[in-house]
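Reader: Hi, can we go through this one together? I'd like to start with pockets, then move on to helices.

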Amino acid sequence: MRKTEIVADLARDKCVEKIIRNMKCCKGEKRRDLQDLAQDIYMALLEKPEDKIIEMYEKQQLNFFITKMVLNNVSSANSPYFINYKQLINLSDEIDKGDN
């Protein structure tokens, strides 16, 4: 099985979304932001070396790897998710509070 097929199967089964929903660190996040996070994770998987994705898939380690990716993205101020979404949303919320 090729990397693109593996990621397509994960997306079809909504694997990343299920992992996100079950993670305690994501409970306070907004639903639309978590959908963006899931898409970022799928894109990141496609950017990983093919042999690494295939090896983790064959050893049934991919769910653990995805869980770690989600945790890193949600908890790190340097992650693509934080930089592209969370930081902008926090700034927008601060601006909204200032308008009141």
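Author: Sure. This is a predicted model. In the largest pocket, H3 gives the largest share of the lining, with 4 residues.

Reader: Which elements give two or more residues to that lining?

Author: H2 and H3 do.

Reader: And which residues line the largest pocket?

Author: The lining is made of Lys14, Glu17, Ile20, Arg21, Arg31, Leu34, Gln35 and Ala38.

Reader: How many of the lining residues are charged, polar or nonpolar?

Author: By class, 4 are charged, 3 are nonpolar and 1 is polar.

Reader: How much space lies in the largest pocket?

Author: About 200 Å³.

Reader: OK, new topic. How do people describe two packed helices?

Author: They give the angle between the axes and the distance between the axes.

Reader: So what are the values for H2 and H3?

Author: H2 covers residues 15–22 and H3 covers residues 31–47. Their axes come within 9 Å and cross at roughly 130°.

Reader: Why are H2 and H3 called oblique?

Author: An angle over 145 degrees would count as roughly antiparallel, and 65 to 115 as roughly perpendicular. The crossing is at roughly 130°. H2 and H3 are therefore oblique to each other.

Reader: Is the crossing left-handed or right-handed?

Author: The crossing of H2 and H3 is right-handed.

Reader: Which residues make the contact?

Author: From H2, Cys15, Val16, Glu17 and Ile20. From H3, Leu34, Leu37, Ala38, Gln39, Ile41 and Tyr42.

Reader: And by class?

Author: The contact of H2 with H3 has 8 nonpolar residues, 1 polar and 1 charged.

Definitions and conventions. Residues are numbered from 1 along each chain as its sequence is written. This is a predicted model: local features need pLDDT of at least 70, side-chain atom pairs count only at pLDDT 80 or more; totals for chains, interfaces and linings use all residues. Side-chain values use heavy atoms; hydrogens and water are left out. Axes are lines fitted to C-alpha atoms, for helices over the stretch in contact, and angles run from 0 to 180 degrees between N-to-C directions. Angles under 35 degrees count as roughly parallel, over 145 as roughly antiparallel, 65 to 115 as roughly perpendicular and the rest as oblique. A crossing is left-handed if the near helix is turned anticlockwise from the far one by less than a right angle, and right-handed if clockwise. Contact means heavy atoms within 4.5 Å. Ala, Val, Leu, Ile, Met, Phe, Trp, Tyr, Cys and Pro count as nonpolar, Asp, Glu, Lys and Arg as charged, and the others, Gly among them, as polar. On a 1 Å grid over the protein atoms alone, a cavity is a set of points where a 1.4 Å probe fits but cannot get out, and a pocket is an open set with protein on both sides within 12 Å along at least five of seven lines; lining residues have an atom within 4 Å of a point. Grid points are joined across faces, edges and corners, and a volume is the space filled by probe spheres set on the points.
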